[in-house]
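Please look over the sequence and the model before reading on. The paragraphs after them are meant for a reader who has not met this structure.

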Amino acid sequence: MERDVERGNEILKFGAEKGDPHCQLSLGMSYQDGGYGLPKSSKDARRWLLAATEQGHAIAGYCLALMSRDEGNDAGYLRYLRGSASKGYDRACYNLGIHYNRGEHGLQSSTEEAIRVLTPAVERGDASCMG
């Protein structure tokens with residue numbers, strides 16, 4: 001079993017190094033959590049999540065947003081959250097809309113902006129944005 005995990009990590013790293021954004025996301029999340037036998041490393045997590053984000057991977061951008069938030073970096077949090085929302089990731093739309101509505105993370109409270117950000121997710125049927 002341990003050899004299977006090692007081989008899986010080798011394949012994942014190979015794909016990430018070749019530029020596959022899905023492999024980069026998976027590798028970044030594994031480093032973020034210390035999962036699948038990899039050491040927990042914020043530096044390596046950020047490296048691979050950023051690589052996937054730069055290729056347009058919305059979920060990777062959302063993960064970077066959460067890392068930035070957890071580090072107390074509101075500017076980075078909002079930058080990556082906006083990027084992820086603009087690519088259609090509904091969780092990012094939801095969070096950004098709530099932050100606009102409440103005036104959180106340095107955003108000015110704006111019902112209009114909250115509605116603008118939430119509307120695409122609602123139109124796609126995201127139930128969390130409808131309540």
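What follows is a walk through part of a predicted model, starting with one helix and the helices packed against it.

A good place to begin is helix H3, which covers residues 42–54. H3 consists of 13 residues, and the distance from its first C-alpha to its last is 18 Å, close to the 18 Å expected at 1.5 Å a residue. Its buried residues are Ala45, Trp48, Leu49, Ala51, Ala52 and Thr53. Just past the end of H3, Gly56 has a positive phi of about 95°.

Packed helices can be described in simple terms. Two numbers serve for a pair: the angle between the axes and the distance between the axes.

Take the pairing with helix H2 (residues 21–33). The axes of H2 and H3 come within 7 Å of each other and cross at roughly 155°. An angle over 145 degrees counts as roughly antiparallel, and H2 and H3 are therefore roughly antiparallel to each other. The crossing of H2 and H3 is left-handed. On the H2 side, the contact is formed by Pro21, Gln24, Leu25, Leu27, Gly28, Met29, Tyr31 and Gln32, and on the H3 side by Asp44, Ala45, Trp48, Leu49, Ala51 and Ala52. Sorted by class, these residues are 10 nonpolar, 3 polar and 1 charged.

Helix H4, residues 58–70, also packs against H3, at an angle of about 140° and with the axes 8 Å apart. H3 and H4 are therefore oblique to each other. This crossing, too, is left-handed. From H3, the residues in contact are Ser42, Ala45, Arg46, Leu49, Leu50, Ala52 and Thr53, and they meet Ala60, Gly61, Cys63, Leu64, Met67 and Ser68 of H4. The contact of H3 with H4 comprises 8 nonpolar, 4 polar and 1 charged residues. Among the H3 residues, Ala45, Leu49 and Ala52 take part in the contact with H2 and also in the contact with H4.

One residue of H4 deserves a separate look. Is Ser68 buried or exposed? Ser68 has a relative accessible area of 1%, so it is buried. Leaving aside residues up to four places away in sequence, Ser68 touches Arg46, Asn73, Gly76, Tyr77 and Tyr80.

Tyr77 also appears among the contacts of His99, a residue of helix H6 (residues 90–102). His99 counts as buried because its relative accessibility is 8%. Besides Tyr77, the residues that His99 touches are Leu81, Glu104, His105 and Leu107, again not counting residues up to four places away in sequence. The C-alpha atom of His99 is separated by 9.6 Å from that of Leu78, and these two residues are 21 places apart along the chain.

Two loop residues remain, and their backbone angles call for a word of background. Most residues other than glycine have a negative phi. Tyr36 has a positive phi of about 55° although it is not a glycine. Tyr36 sits in the loop between H2 and H3, and its relative accessible area of 63% makes it exposed. His105, which is not a glycine either, likewise has a positive phi of about 55°. His105 belongs to the loop between H6 and helix H7 (111–123). With a relative accessible area of 24%, His105 is partly exposed, and His105 is one of the residues that the buried His99 touches.

Conventions: Residues numbered from 1 in each chain as written. Predicted model: local features only at pLDDT ≥ 70, side-chain atom pairs only at ≥ 80, totals over all residues. Heavy atoms only, no water. Axes fitted to C-alpha atoms, helices over the stretch in contact; angles between N-to-C directions. Helix = DSSP H or I, 4+ residues; strand = E, 2+ residues; numbered from the N terminus. Parallel < 35°, antiparallel > 145°, perpendicular 65-115°, else oblique. Left-handed = near helix turned anticlockwise from the far one by under 90°. Contact = heavy atoms within 4.5 Å. Nonpolar A, V, L, I, M, F, W, Y, C, P; charged D, E, K, R; others polar. Expected span 1.5 Å × (residues − 1). Buried < 20%, exposed > 50% of the residue type's maximum accessible area, 1.4 Å probe, protein only.
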